[in-house]
Amino acid sequence: MKYENLPWLILFLPLLSVAVITLFTLRSKTVSSLISIGAVVTGFVMTLLFINANGFQFSGETSANWLSIGGLQIDFGLKLDALSMMMLLVVTGVGGAIHIYSFGYMHDDESMARFFAFLSLFTFSMLGIVLANNFLMMFIFWELVGVSSYLLIGFWFEKPSAGDAAKKAFVTNRLGDFGFLFGILMVWGLLGSLSFSALQTTLAANPALLGASATLAGLLIFCGAMGKSAQFPLHVWLPDAMEGPTPVSALIHAATMVAAGVYMLCRTLFLFNSESLHLISYIGGFTALLAALMAVQQNDIKRIIAYSTLSQLGYMVMTVGLNGPTPAMFHLTTHAFFKALLFLSAGSVIVGMHHEQDIWQMGNLRKKMPITFLTFTIGTLALCGVPPFSGFYSKDAILTQALAQKSYLLFGVGVFVAALTTFYTFRLFFIVFFGKEKSKAASHAHESPLVMTLPLIALAVFSFAGGFIGITNNYGSQFVNHHEALSMAQQFTEPFNNLFPMACGLGAVAVGLFLAYSLYNNAAADPLPTKLGGLATLMKNKFYFDEFYEATFIRAHDFLAAVADWLDRWILEGAIIGAIRGGTDLSGRALRLAQTGNLQTYAFLFVLGVALLLYFVLGK
Amino acid sequence: MHVSLHHYLFVSFMLFSLGLLGVIMRRNLLVIYMSLELMLNAANLALVSFSRFNNKLDGQVLVFFIITVAAAEVAVGLALIVALFRKRQSAHVEDLTSMKL
Amino acid sequence: MEAINNLISGGVVQDIMFYVFAALTLLCAILVVANPFSRSPVTSAMFLVLTIISMSGLFLLLHAFFLAAVQILVYAGAVMVLFLFVIMLLDLKEEQRRKIKFFGLAAGLVSVSIVAGIFIKSLASIKLTAEPALEGETYVLGKLLFTQYTLPFEIISILLLVAMVGVILLSKKKLE
Amino acid sequence: MNSSLIMLEISVIGLGLVLMLADLFVPAERRRFIGYAAIVALGVLLITSLSGNGSCGQFGTAFGGMFINDGLSLLFKQLFIIAAILVLFMAAEFSDKLAAGSVAEYYSLTLFALAGMLFAASSNDFTMLFVSIELITITFYVLVSFQRSKIQSLEAGVKYLILGALSSAFMVFGIALIWGTTGELNFTKLAAVAPQFADSQMFLLGVLLVLVGLGFKIAAFPFQIWAPDVYQGAPTPTTAFLGIGSKAAGFVLLLRVLFTAVPSVTAHWANLLIVISAITILYGNLCAIPQRNLKRLLGYSSIAHAGYLLLGVAALSASGQSALMYYLAGYVFTVMAAFFVITLVMRHLPSEDISGLAGLHQRSPLLAATLTIAMVSLAGIPPLAGFFGKFLLLKALIDTAHLTHNHGYYCLAFTALIGVVISLYYYFGVIREIYWGKNPEDLSPIEISSPAKLSLAICLAGIFWIGLFPDTVLNITNLAATALGK
């Protein structure tokens with residue numbers, strides 16, 4: 001392996017940037033942000049250099065002895081293979097674009113230097129997860145990601161909701177992490193090692209070693225992914241986390257942090273047995289469905305995208321559960337491109353609208369913000385899976401995988417969610433960019449500066465072409481034995497090898513698009529489209545369809561969405577989480593009553609304690 | 001019935017329990033403190049009787065230490081109670097509840 | 001002296017004396033803790049002195065002559081004087097008879113009787129093998145104290161110093 | 001007799017006496033330097049002990065086996081000295097709140113308490129256990145009530161006094177029963193005869209009563225009730241010393257009693273230890289949630305941490321004991337950092353309410369960062385000291401669970417994790433107050449003296465060092481744990 005030291009540099013550059021910013025340049029906004037941007041962009045260039053020198057067809061590790069506990073040695077080491085390289089590219093590449101964009105977005109913020117310090121800390125933690133070669137190290141960076149996202153989500157601390165959202169994100173994540181830690185301890189106890197490669201070798205040699213607890217261990221480890229990748233029922237933190245600045249939403253909730261869970265599952269896929277994978281796939285599918293249903297009811301531009309993220313994450317987890325790490329990672333990568341693009345474009349819209357986020361206040365922005373409109377369109381098409389945009393290829397790969405695993409229910413869910421996705425995305429698209437301006441802000445909207453639009457364009461290119469530039473080849477070399485690399489033309493036509501899933505996917509897109517168009521195009525205006533007489537019957541049909549839709553689909557859908565929302569708000573948030581929180585709080589207050597401050601009570605409780613102790617040990 | 005170790009230990013145990021009762025029942029800090037002395041004395045009695053019946057002198061040495069420590073503890077404790085009394089004009093436990101919950 | 005020794009070593013007399021001293025000790029201890037006639041701390045203190053004196057009688061029966069003396073000198077002589085001194089100094093009024101909380105009383109009695117019950121139950125596990133043998137000679141005790149137990153002895157001296165400093169600090173009248 | 005082994009203890013006591021005398025000759029405005037002189041002297045003692053040249057580096061026994069120097073005592077003595085140094089730094093900052101003219105006495109009493117802890121670390125005999133624990137406790141009666149002008153300090157002193165004396169009475173009685181049944185006071189000799197008495201109710205009763213006394217010191221359930229009041233009322237440096245020194249002394253004695261003196265009995269008490277540590281963790285964490293007074297909050301949190309530390313005891317294995325000591329080492333620096341910030345921020349406020357922290361990140365970024373890091377470490381978030389400690393403790397538990405097939409261990413590990421989740425609420429509540437607290441009236445920057453900066457740096461370095469390079473500390477704790485099994 002050439003340039004073996006480069007990955008270390010890539011990892012530690014952002015940390016260095018944190019140190020330099022906090023210690024020296026906190027006063028200067030520009031210098032701090034340039035240092036932070038420089039660190040991540042240099043990381044991206046170094047990653048390219050490293051890949052250029054080594055290609056993807058390798059797998060190696062570089063490590064330093066860190067600690068040994070009772071005969072077990074744990075290294076601080078980096079895992080270097082196609083999987084981590086691709087993720088490095090995503091994190092530094094997409095992350096770099098977001099860093100540059102932030103330079104424009106946060107330009108008027110007082111504490112921009114602090115923001116970039118946090119951003120670098122986050123990048124460092126995320127790179128640590130990607131590169132970790134053992135569970136312990138991964139867990140440590142996992143938690144660091146949690147802490148730095150806590151800082152970023154709560155960045156605008158003047159808003160109390162930001163503080164609440166940050167705390168909620170952190171605590172919900174920690175809930176999952178404890179399952180994760182428990183799983184790690186269990187794996188450690190059963191297999192005696194924490195290094196991924198050692199574990200894989202051990203399990204390959206003796207698959208029965210995990211024994212009866214294999215399912216439990218797998219599910220506990222999945223708990224970690226459940227928290228980070230916001231899977232049901234730990235998904236509640238993600239929509240609230242939109243309180244952070246928009247670049248944070250793009251970085252954390254599209255490209256990196258939420259992807260960590262899926263990445264971790266793929267990294268440790270060898271640990272999971274079929275039962276646990278089965279359950280994982282259903283949790284993923286359910287999350288995808290639930291989130292898509294909820295997205296339809298939202299009016300906040302960022303929230304819609306956030307729910308869509310949830311839904312897409314559900315897709316990925318479902319695919320991992322269907323034993324398809326390649327399509328899952330493929331979708332993760334393309335999703336990183338187009339979702340970051342969507343978030344950043346939304347951020348551009350929000351800036352253009354002077355921090356208005358309600359879509360019903362927007363309208364007709366395509367004229368005012370042409371570049372943003374273009375990039376948003378590309379993002380939308382990619383998200384919906386319109387050929388030949390990247391989302392089409394990765395979604396098709398997922399559907400094909402579901403069919404190949406003969407999981408017809410999940411295949412159905414996938415197709416249905418694809419239709420829903422198209423529906424709500426285009427709903428957003430039509431309301432925001434078409435029709436009439438629905439507020440003054442919309443009439444005076446303006447295009448964002450170049451430093452913000454350039455990253456948008458870069459991301460748009462990848463959102464368009466991500467499907468056939470060899471991403472599957474690179475992942476395939478990791479997960480599939482004797483993987484044959486496909487040429488670009490072969491990749492381009494890959495979906496046509498399996499016509500049925502492609503047809504279903506495209507059909508879903510068409511249905512969704514049609515519904516969205518018929519309902520929301522010029523929704524607030526144009527009572528009767530009299531422009532073309534020949535289309536009058538069509539309009540009439542539309543009218544019929546509206547009736548039909550109103551009577552059945554919308555009602556049913558409203559009901560479903562309301563149920564989902566109700567479930568989310570009252571059962572999950574209110575009852576379960578509320579009961580846990582309220583219960584602990586209440587029991588804390590009750591227990592505290594013993595603390596009367598009266599010495600005599602204390603003495604009595606002390607003696608009671610002694611009496612109980614003696615009774616239980618000696619009284620029988 | 002011939003007096004044996006059991007008899008002495010029984011007295012010691014009763015003394016200890018009486019002291020314990022005093023600590024949790026009385027409200028006056030000084031009386032609570034006296035009850036604590038009773039408990040220490042019970043330990044002394046147990047040690048001396050074990051010493052006699054086990055034919056070892058270490059118990060008596062320990063008693064010597066306990067008496068000294070008790071004296072030191074009493075001195076500090078009473079000084080503390082006096083200091084508190086000066087502030088509060090009370091030596092009752094109910095009046096000591098400025099910190100709670 | 002010899003007459004007393006003979007009397008003490010005589011089995012029956014010794015037993016009777018044990019019962020007398022034991023009864024006195026426990027009775028006085030009860031009166032320290034729960035005197036039905038007075039709740040004044042002074043009464044409690046006086047009965048504590050009596051308890052200690054009757055205990056030193058038990059010590060004599062156990063042939064711990066030095067400790068019996070120490071018990072009276074240090075406890076009855078010094079510690080209890082300190083107690084009485086403080087009681088007088090503070091001019092404590094009699095503890096008011098407040099309404100007894102029955103629940104508290106019952107709970108306290110129950111937990112103390114659990115402790116006492118387990119204590120007494122554990123008596124059965126002591127095997128009565130040895131006859132009383134030890135003669136608590138002061139000379140031997142002193143020798144033990146200054147050879148084997150030098151270190152704790154010295155630590156105790158530091159402890160007394162700490163107590164002294166502490167008492168002075170806590171009872172200095174005025175803050176400088 | 002190899003009395004050169006106790007040179008360290010003699011030096012500390014001598015230092016205490018010198019300080020007391022120095023008070024007479026040093027003018028009032030220079031008294032602060034008495035403390036710094038003591039810190040330097042302790043630093044020298046620490047360095048000699050670390051380099052292995054000091055008396056506590058020579059292993060062996062003295063005074064007829066009563067006093068022992070081994071890996072365990074060495075580790076704990078170093079922790080005690082570090083804690084004492086930081087407490088002295090803190091006391092120097094706090095001196096304007098102590099009764100004027102008695103600052104030197106405060107220093108020397110701290111040193112005497114330290115001497116008690118050092119003796120406790122080397123105790124190999126119930127007599128030594130008793131006198132060293134009494135030296136610590138009686139010194140603390142005075143240290144807790146040192147702020148005589150403050151009613152809360154006196155009240156805390158009286159509460160500590162009565163409950164401490166109660167626990168001492170139980171402990172003394174326990175020692176009497178142990179000695180009475182077995183005829184041995186020495187731990188090593190007791191270990192040899194204890195198996196014969198495994199069925200003797202009275203012997204077990206004695207051991208339990210000794211555990212009551214030690215349980216009080218470490219504030220374990222059900223003997224934890226004093227901790228919040230005393231933590232709140234005591235002067236802050238005392239609280240810090242109480243929460244670390246006194247607790248660690250309790251733990252070293254607990255380890256010696258359970259694993260050197262009566263290992264045959266301890267082996268049967270796995271379930272008892274499991275239940276006690278589980279309840280201790282839950283009690284401390286649950287009660288801390290609604291708490292607004294920061295010192296009291298740390299009082300409850302110290303109960304919870306006693307529970308975590310007890311996990312290492314409950315694991316009944318060398319790795320558990322090693323993890324316990326590792327956790328304790330991290331805990332020393334973390335808690336000291338927290339109390340140091342409290343001392344610096346809240347010494348002029350009427351109460352220690354958390355709201356006093358609002359705006360701290362503007363008043364002093366250093367203090368804000370230190371307290372944040374301390375809270376994050378206490379909450380057990382990697383890569384800080386608190387995380388590795390909890391990780392090792394859980395690992396030891398799971399290992400034992402595999403070995404013994406006792407499902408209670410899994411439940412205990414699960415409870416511990418629940419406790420950690422609960423604790424996030426209040427630890428992050430503190431952080432939230434620092435950064436998101438509402439409308440602080442006073443935004444004046446906080447002046448930090450250079451000695452205070454130095455000690456904050458020591459605390460932070462400790463937290464990070466132990467978290468990032470666990471191996472270095474683990475080597476020492478493993479060595480210490482092997483000393484127990486002998």
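**Exercise 1. Name the residues that Thr266(D) touches, leaving aside those up to four places away in sequence, and decide whether Thr266(D) is buried or exposed.**

Solution. In this predicted model, Thr266(D) touches Leu258(D), Phe259(D), Leu273(D) and Leu316(D), once residues up to four places away in sequence are set aside. The next step is to place the residue, and Thr266(D) belongs to helix H11, which covers residues 263-266 of chain D. Finally, a residue counts as buried when its relative accessible area is under 20%, and because the value for Thr266(D) is 2%, Thr266(D) is buried.

**Exercise 2. Classify the aromatic pair formed by Phe216(D) and Trp226(D), and place both residues in chain D.**

Solution. Begin with the total, which is 62 aromatic pairs over all chains. In the pair considered here, the ring centres of Phe216(D) and Trp226(D) are 5.0 Å apart and the planes make an angle of 35°. Planes under 30 degrees apart would count as stacked and those over 60 as edge-to-face, so the pair is tilted. As for position, Phe216(D) is in helix H8 (residues 201-218), whereas Trp226(D) is in the loop between H8 and helix H9 (227-233), and the two residues are 10 residues apart. Both Phe216(D) and Trp226(D) are buried. To finish, look at the wider surroundings: Phe216(D) and Trp226(D) belong to one aromatic cluster, whose members include Phe606(A), Phe13(B), Phe119(C) and Tyr231(D).

**Exercise 3. Find the rings over which Lys390(D) and Lys395(D) lie.**

Solution. Taking Lys390(D) to start with, its charged end sits over the ring of Tyr308(D), at 4.8 Å from the ring centre. Turning to Lys395(D), this residue lies over the face of Trp188(A), with a distance of 4.6 Å to the ring centre.

**Exercise 4. Describe the interface between chain B and chain C by its contacts, its buried area and the helices of chain B that take part.**

Solution. Start with the contacts, in which 71 residues of chain B meet 80 residues of chain C. The area buried between these chains is about 7,200 Å², and carbon and sulfur atoms give 77% of it. On the side of chain B, Arg26(B), Met34(B) and Arg52(B) lose the most area to chain C, together making up 11% of what that side buries. Next come the polar terms: zero salt bridges are counted between chain B and chain C, while eight residue pairs are in polar contact, with both residues at pLDDT 80 or more. Lastly, helix H1 (5-25), helix H2 (29-54) and helix H3 (58-88) of chain B each supply at least two residues of the side that touches chain C, and H3(B) gives the most, with 23 residues.

Conventions. Residues numbered from 1 in each chain as written. Chains lettered and ligands numbered in written order. Predicted model: local features only at pLDDT ≥ 70, side-chain atom pairs only at ≥ 80, totals over all residues. Heavy atoms only, no water. Phe/Tyr/Trp six-rings, centres within 6.5 Å; stacked < 30°, edge-to-face > 60°. Helix = DSSP H or I, 4+ residues; strand = E, 2+ residues; numbered from the N terminus. Buried < 20%, exposed > 50% of the residue type's maximum accessible area, 1.4 Å probe, protein only. Lys NZ or Arg CZ within 6 Å of the ring centre and 35° of its normal. Contact = heavy atoms within 4.5 Å. Buried area = accessible area lost by both parts, 1.4 Å probe. Salt bridge = Lys/Arg side-chain N within 4 Å of Asp/Glu carboxyl O. Polar contact = N/O pair within 3.5 Å; in protein donor to acceptor, adjacent residues only side chain to side chain.
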